[in-house]
Amino acid sequence: MTSFSLRQLKLRPGEEHRDELEVELPAFEFGGQRYVPVPEKVPTKFVVTRANTGTVFSIAFRARLHGPCYRCLDDAVLEVPIRVREYQASSPDDEELTTPYVTDDVLDVSAWARDAVALALPDKILCRPDCAGLCPECGKNLNDEPHTHDEEHADPRWAVLESLKESL
Ligand SMILES: [Zn+2]
Ligand SMILES: [Zn+2]
């Protein structure tokens, strides 16, 4: 888990603190499949900016997830660019002015990064946008072997007739 203690920061309004963090990401369960971040620790730009009434946090990184293609089950790699912000009021009267990722002056960067990636995932993770998927008849990968089935020949009785014809 990557976290950042805010106690060490002594920023005055208008000042900012920039950092490079290594943020650990978990594997993601998505559509019943597992997607693993490679690398697990993602280099992340981290900026804290002190405003008059609170603090703005921002993180930016590029997650790369490896897992099966939704259509053909081949390996798919998904790049997820993330750039998100959170705000924490200095003396919040309102829950909306606090970020859920700060507890006792510690920012849970891992939890924030994980949620940001989960929210940025597309509906379907594909090996390529035009993936042809698997053949519903024989299960072969249609990207490797584009084909269609002749309906008549799918009937085993025709196969027998075919072999008879060939032997004549
Ligand atoms: Zn595919
Ligand atoms: Zn087929």
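**Exercise 1. Is C69 buried or exposed, and which zinc ion does C69 serve?**

Start with accessibility: C69 has 1% relative accessibility, so C69 counts as buried. Keep in mind as you work that this is a predicted model. Next, look at the metal: C69 (SG) coordinates the zinc ion (ligand 1), together with C72 (SG), C127 (SG) and C131 (SG), at 2.3 Å. C72 is buried too, with a relative accessible area of 6%. Now read along the chain, where the donors of ligand 1 are spaced C-x2-C-x54-C-x3-C. Last, check the geometry: the angles subtended by the four donor atoms run from 107 to 112 degrees, which makes the site at ligand 1 tetrahedral. For reference, the ideal angle for four tetrahedral donors is 109.5 degrees.

**Exercise 2. Work out which residues hold the zinc ion (ligand 2), and what arrangement they make.**

First, list the donors: C135 (SG), C138 (SG), H147 (NE2) and H149 (NE2) coordinate ligand 2, at 1.9 to 2.2 Å. Their spacing along the chain reads C-x2-C-x8-H-x1-H. C135 and H147 both sit in the loop between α1 (109-120) and α2 (156-167), so this pair ties together parts that are twelve residues apart in sequence. Then take the angles: they span 101 to 117 degrees, and because four donors count as tetrahedral if all angles lie between 85 and 135 degrees, the arrangement at ligand 2 is tetrahedral. Finally, compare accessibility: C135 is buried at 6%, whereas H147 is partly exposed at 25%.

**Exercise 3. Find the strands that pair with β6 and count the bridges.**

Take the partners one by one. Strand β4 (residues 33-37) pairs with β6 (residues 54-68) in the antiparallel sense over two bridges; here V36 has H66 as its bridge partner. Strand β5 (residues 41-50) runs antiparallel to β6 and is joined to it by six bridges, with V47 partnered by S58. β5 and β6 make a hairpin with three residues between them. Then comes strand β7 (residues 75-89), again antiparallel, with 15 bridges to β6. In that pairing, A63 stands opposite V80. The β6 and β7 hairpin has six residues between the strands, and L73 takes a positive phi near 65 degrees there.

**Exercise 4. What does the side chain of S110 reach?**

Place the residue first: S110 is in helix α1. With a relative accessible area of 8%, S110 is buried. Its side chain reaches the backbone nitrogen of T2 at 2.6 Å. Leaving out residues up to four places away in sequence, S110 touches M1, T2, V23 and E24.

Methods
Residues are numbered from 1 along each chain as its sequence is written. Chains are lettered from A and ligands numbered from 1 in the order in which they are written. This is a predicted model: local features need pLDDT of at least 70, side-chain atom pairs count only at pLDDT 80 or more; totals for chains, interfaces and linings use all residues. Side-chain values use heavy atoms; hydrogens and water are left out. Donors are N, O and S atoms within 2.8 Å of the metal (3.2 Å for Na, K and Ca); water is not among the atoms, so sites may look incomplete. Four donors count as tetrahedral if all angles lie between 85 and 135 degrees; four count as square planar and six as octahedral if opposite donors are over 155 degrees apart and all others between 65 and 115; anything else is irregular. Helices (H or I, at least four residues) and strands (E, at least two) are DSSP runs, numbered from the N terminus. Buried means under 20% relative accessible area, exposed over 50%, partly exposed in between (1.4 Å probe, protein chains only). A polar contact is a pair of N or O atoms within 3.5 Å; within protein, one must be able to donate a hydrogen and the other to accept it, and residues adjacent in sequence count only if both atoms are side-chain atoms. Contact means heavy atoms within 4.5 Å. Two strands pair if DSSP finds at least two bridges between them.
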